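Reader: I would like a close look at a single part of this model, worked through slowly, and then its setting in the rest of the chain.

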Amino acid sequence: MAFNAYMHPRNPYKDNPPDFSKLGEEFADFKKYVQYNKAGKPFINFRSCAAVRELTVALLKKHFGIKLTLPTNSLVPTVPLRLNYLLWLEDILNCNGFDPERVVFDIGCGSSCIYPLLGVAINPEWNFFASDIDDRNLRSAKENVENNDMTTKITLIKSSGAEIFPDELEKLDACMCNPPFFNDQVEMDATKMRPTANSSCAGSKTETISEGGDLKFATKIVEESMTMGDRIKWYSIMLGKKQTLKSVLSVLKGKNISTIVTTEFCQGNTMRWGVAWTFLKDIPTQLIPVSPFQKSILKKQKKPIQMKSLVNKSDECLTSLKKILDEISVSYTVTKETSKLTVYIKAQADSWCHARRKRRQKQNKSVQNCETNSVNEQKLESSLEVELSIEIHSSNGKCTLCLIPKDQSQRDKVNNLAVFLKGKV
Ligand SMILES: C[S@@+](CC[C@H](N)C(=O)[O-])C[C@H]1O[C@@H](n2cnc3c(N)ncnc32)[C@H](O)[C@@H]1O
């Protein structure tokens, strides 16, 4: 369950994974799939489609009061992952003010009709339109909507496939889509080899395969959104690969769409990517919470770059650091506190890059890292000023230098300084 820590913060399963043993006591069909390890801990085989299906059915009933039936061989939706998308959609819509009533269009609702069912369960005042191209899926979706008394909340639409957005759609708050990810069976089979897709119970061909895969599907949504404009406030889509997200972002930028937000949906070993865009002006997207995954990356980036000093005393370390900085003509100021010495530096990064390059060239070795290969790159490098502080900490007879860039975008240059100082200070 590697990514569970990065689930949406409001996801009820985030710090509270289902207790399979207790769930088995309530749901006999699920109980069949509960196994116990030597320590007596219950688990299920996530590679077993039947087990995942019964887990979904049990979770939907227990925690959301939803009765779900799925035809055989259909895509089994995993509840925590679907919740992540819906909760992110809430965040996006709420950044411009909370409104309990929303109208959302789910493109490709599948046989489960999972997003509208869950969406109404967690936001009883929301209404959904939901389309699908496949008659069998629509029949099953209809059954699920009826079985849950949601016919007044969820309107099903048969899509011809020619257009994503049917004419009958008036003004909507958002659209969402979990598109068929794969271009063809070969691509799908290749992906199923990866552990991340093992638990997804891939479903029928119409559910998972569409010519051009999710990129083509997303591109079609982007193109049609240009015509729809602000008839839909937010357009959103879930993508299966990080590379597809990059491609969709360039499609959006190519259309001069500038208000774009992205996120990651994490559950178990699975990660998906969310992208949303709007044509509305002055939307305070900064109010949309940063995803836990992006937060963890930012946190990692904020960690100082640490290196051990050759000497054990901070004063000696400072003396040798000053000597080196003087040699490469980098000016600095020093402050002393009881627990640490801090050296503030504002310099041209090329001071240490050039020094390093010269040394390497002397040694007649291949040049890497901060070397710039062309004259232009060298000019660019030298034009960039770097600001950082170096803290010298001493404890237990050991001395450590912590290099802290003022601006994270300059982390690479500060890293180069650490490489340059290594073995000298
Ligand atoms: C990956 S499934 C998603 C099902 C469900 N939303 C979920 O998340 O479990 C994609 C669905 O899109 C449907 N679909 C494919 N092309 C479509 C189109 N042009 N318009 C509407 N639905 C389409 C498929 O039949 C399939 O049910």
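Reader: Which strands does helix H12 (residues 314–327) lie across, and at about how many degrees does the helix run to S13?

Author: The model is a predicted one, and what follows should be read with that in mind. Helix H12, residues 314–327, lies across four strands, namely S11, S12, S13 and strand S14 (398–405), and the helix runs at about 155 degrees to S13.

The strands under H12 are best taken together with the sheet that holds them. This is an open sheet of five strands with antiparallel pairing, and reading across gives the order S10-S14-S13-S12-S11. At the edges stand strand S10 (305–308) and strand S11 (332–336), each with a single partner strand, so one side of each has no neighbour in the sheet. From one strand to the next, the twist averages 20 degrees. S11, which stands at an edge, is thus also one of the strands that H12 lies across.

Within this sheet, the pairing of S12 with S13 can be followed in detail. Strand S12 covers residues 340–348 and strand S13 residues 385–395, and the two run antiparallel, joined by nine bridges. One point of reference in this pairing is Lys340, whose bridge partner in S13 is His393.

Two further helices, H13 and H15, make a contact of their own. The axes of helix H13 (residues 350–362) and helix H15 (residues 411–421) come within 9 Å and cross at roughly 45 degrees, which makes H13 oblique to H15. The crossing of these two helices is left-handed. On the H13 side the contact is made by Trp352, Cys353, Ala355 and Arg356, while H15 contributes Asn416, Leu417 and Phe420. Sorted by class, the contact of H13 with H15 contains five nonpolar residues, one polar residue and one charged residue.

For the setting of this part, another sheet can be described in the same way. It is an open sheet of seven strands with mixed pairing, in the order S5-S4-S3-S6-S7-S9-S8. Here strand S5 (154–158) and S8 are the edge strands, each with a single partner strand, so one side of each is left without a neighbour in the sheet. The twist in this sheet averages 20 degrees from one strand to the next.

The edge strand S8 (residues 259–267) runs antiparallel to strand S9 (residues 270–278), and nine bridges join the two. Phe265 stands opposite Arg272 in S9, and Gln267 stands opposite Thr270 in S9. S8 and S9 form a hairpin with two residues between them, and in the turn Gly268 has a positive phi of about 55 degrees.

A helix lies across this sheet as well: helix H4 (residues 79–94) lies across strand S6 (172–177), strand S7 (232–239), S8 and S9, and runs at about 155 degrees to S8. H4 also meets H5, and the axes of these two helices come within 10 Å and cross at roughly 65 degrees. In this crossing, which is right-handed, H4 passes H5. The residues that make the contact are Arg82, Leu83 and Leu86 of H4, together with Ile114, Tyr115, Leu118, Gly119 and Ile122 of H5. By class, the contact of H4 with H5 divides into six nonpolar residues, one polar and one charged.

H5 leads on to the ligand, since helix H5 (114–122), strand S4 (127–132) and helix H8 (205–208) each supply at least two residues of the shell around the ligand. The largest share, three residues, comes from H8. Altogether 24 residues surround the ligand, and the closest are Gly108, Gly110, Ile133, Ser159 and Asn178. By class, the shell has ten nonpolar, eleven polar and three charged residues.

One more helix pair completes the picture. The axes of helix H9 (residues 213–228) and helix H10 (residues 242–254) come within 10 Å and cross at roughly 25 degrees, which makes H9 roughly parallel to H10. The crossing in which H9 passes H10 is right-handed. In H9, Asp214, Leu215, Ala218, Thr219 and Val222 meet Thr244, Ser247, Val248, Val251 and Leu252 in H10. By class, the contact of H9 with H10 has six nonpolar residues, three polar residues and one charged residue.

Notes. Residues are numbered from 1 along each chain as its sequence is written. This is a predicted model: local features need pLDDT of at least 70, side-chain atom pairs count only at pLDDT 80 or more; totals for chains, interfaces and linings use all residues. Axes are lines fitted to C-alpha atoms, for helices over the stretch in contact, and angles run from 0 to 180 degrees between N-to-C directions. Angles under 35 degrees count as roughly parallel, over 145 as roughly antiparallel, 65 to 115 as roughly perpendicular and the rest as oblique. A crossing is left-handed if the near helix is turned anticlockwise from the far one by less than a right angle, and right-handed if clockwise. Two residues are in contact if their C-beta atoms, placed from the backbone, lie within 7 Å. Ala, Val, Leu, Ile, Met, Phe, Trp, Tyr, Cys and Pro count as nonpolar, Asp, Glu, Lys and Arg as charged, and the others, Gly among them, as polar. Two strands pair if DSSP finds at least two bridges between them. A residue is near a molecule or strand if its C-beta atom, placed from the backbone, lies within 6 Å of it.
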